[in-house]
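Grab a pencil and take a slow look at the chain below. Then try each exercise before you read its solution.

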Amino acid sequence: MNRNQINWPAWIVTQSKHGMAMVFGSPGTGKTAIAGVASEMFGMDGLNVLKLGQMMPEDICGPPLKSHVTFGGTKHECVRYIKNEQMLKLKHGKYLTLVDECNHATRATQAAAQEEIFNQQPENGYIIGIANPPEIATDGYEFSAPVVNRMCILEWETDLSSWQEGMATNEFPEPNIPVLPDDWTDLIPKWKFLVGEFSKEGGAEFFVESETFPKKAEDWSKPWCSHRSWYNAAVNLAAAESVGANESTTTKILTGFVGEGAASVFMHWHKSIGLPTSSDFYNRPEETAHKLPRRFDTAVACVKGVLCYAKQKIDEAGSDYDANQSWEKGLDFAEIAFKHNREVISASVGSFIKLKPASHKPAPRSSELWDSVSEVRKEVMQGA
């Protein structure tokens, strides 16, 4: 599998539905075309394109229609707003909605979009915003700070090697787009806990109780720290871990929500506290398992991270042998971690067992962990 993570931040944030991915990229670099591929990979019914720069506030809120409402038996005349087809698709349909020309929208249209689009994720679909950089946009406007605070500001990266391959072979390779696993939200408690600890220990200046709104006008359209942006960042850090995002991808997501300074300090603090990564737990359990957090929900989230990593290694394996060995390594972690946190591993071991490749018949294992599991799980372990 291609591990190139170009534009992963945009697709991770889009699927998490916590903050809207706002991607700036030069014209003609494939943003719309790749969004069409993403809509298929996400199981959507199609791509729904909104040209925000060509819309008026009433196009978003809907034109008024005379109606009635009854209170206490008395009928009153009122106005009801009728949504257009594209907004109905966004709100209720199973579509990936591409909000194009976002920074062409006037402030009045931005204000309408703030609540109707940027701040309300659809139940069945996804939203991603795209635009040309303000300095080259045909008729660009800077975003207001409240709009930015609902977004993850990202730069579109061109996959030049894939473009070159397509030009040479007349067949462009499918872009590498991560799809979040169904249980990715299990990792959220871990990252919420870490962000909370950071606010107390390593990053108090980014969580001041006084006004945190950017003071300089040139910073109003850049990511800035608020309780909302940190919450959205924590959720998206969980989503990133669930698909094995690397440090660069993770940092881009965090920067898109809270700004470069805050993201840099958090990443440095995260390294300094010595909490092993999912990769470290999986590959070096003898050295790292004793570092599982004492707090139950956070420890469970860490183990879920190892589970996601093990699944990723099994899925990426190039042979049955490699898949089997990847599964066995997950069990190695479970056995060793059980010595340090029986309660958490007992609650999680069944998920590790379920990852077993169908054709694999594992050798019997002998440890305290396997003495404690149910007979049904033992049968699975024995390949029955």
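What follows is a short set of exercises, each with a worked solution.

This is a predicted model: local features need pLDDT of at least 70, side-chain atom pairs count only at pLDDT 80 or more, and totals for chains, interfaces and linings use all residues. Residues are numbered from 1 along each chain as its sequence is written, and side-chain values use heavy atoms, with hydrogens and water left out.

**Exercise 1. Get an overview of the protein chain.**

Solution.
- Step 1: count the elements. The chain has 18 helices and seven strands; these are DSSP runs, helices being H or I with at least four residues and strands E with at least two, numbered from the N terminus.
- Step 2: find the box. Along the principal axes, the C-alpha atoms fill roughly 75 × 55 × 55 Å.
- Step 3: check burial. Of the 384 residues, 48% are buried. Here buried means under 20% relative accessible area, exposed means over 50%, and partly exposed is in between (1.4 Å probe, protein chains only).

**Exercise 2. Describe the largest pocket and its lining.**

Solution.
- Step 1: settle the term. On a 1 Å grid over the protein atoms alone, a pocket is an open set of points where a 1.4 Å probe fits, with protein on both sides within 12 Å along at least five of seven lines; lining residues have an atom within 4 Å of a point.
- Step 2: take the volume. The largest pocket holds about 980 Å³ of space. Grid points are joined across faces, edges and corners, and the volume is the space filled by probe spheres set on the points.
- Step 3: go to the centre. There are 38 lining residues, and Lys222, Pro223, Thr255, Gly259 and Glu260 are the closest to the centre of this largest pocket.
- Step 4: see which elements contribute. Helix H1 (8-16), strand E1 (20-24), strand E7 (151-155), helix H10 (247-258) and helix H11 (260-272) each supply at least two lining residues. H10 gives the most, with five.
- Step 5: sort by class. You get 19 nonpolar, nine polar and ten charged residues. Ala, Val, Leu, Ile, Met, Phe, Trp, Tyr, Cys and Pro count as nonpolar, Asp, Glu, Lys and Arg as charged, and the others, Gly among them, as polar.

**Exercise 3. Do the same for the second largest pocket.**

Solution.
- Step 1: the volume of the second largest pocket is about 580 Å³.
- Step 2: its lining has 25 residues, with Ala245, Asn246, Glu247, Thr250 and Thr277 the closest to the centre.
- Step 3: the elements giving two or more residues to this lining include helix H8 (188-201), helix H9 (227-242) and helix H14 (296-316).
- Step 4: by class, the lining of the second largest pocket splits into ten nonpolar, ten polar and five charged residues.

**Exercise 4. Which residues have a positive phi without being glycines, and are they buried or partly exposed?**

Solution.
- Step 1: look at Lys17, which is not a glycine but has a positive phi of about 65°. Lys17 sits in the loop between H1 and E1, and counts as partly exposed because its relative accessibility is 23%.
- Step 2: move on to Glu101, also not a glycine, with a positive phi of about 55°. Glu101 lies in the loop between strand E5 (96-100) and helix H5 (107-118). With 17% relative accessibility, Glu101 counts as buried.

**Exercise 5. Trace three salt bridges.**

Solution.
- Step 1: know the total. The structure holds 19 salt bridges, each a side-chain nitrogen of Lys or Arg within 4 Å of a carboxyl oxygen of Asp or Glu.
- Step 2: start with Lys66 and Glu77, whose closest N and O atoms are 3.1 Å apart. Lys66 is in strand E3 and Glu77 in strand E4, eleven residues apart. Both residues are exposed.
- Step 3: next, Arg150 meets Glu115 at 3.5 Å, N to O. Arg150 lies in the loop between helix H6 (145-148) and E7 and Glu115 in helix H5, so the pair ties together parts 35 residues apart in sequence.
- Step 4: finish with Arg365 and Glu328, at 2.7 Å, N to O. Arg365 is in the loop between helix H16 (342-354) and helix H17 (368-372), while Glu328 is in helix H15, 37 residues away. Salt bridges with shared partners join Glu328, Asp332, Glu335 and Arg365 into one network.
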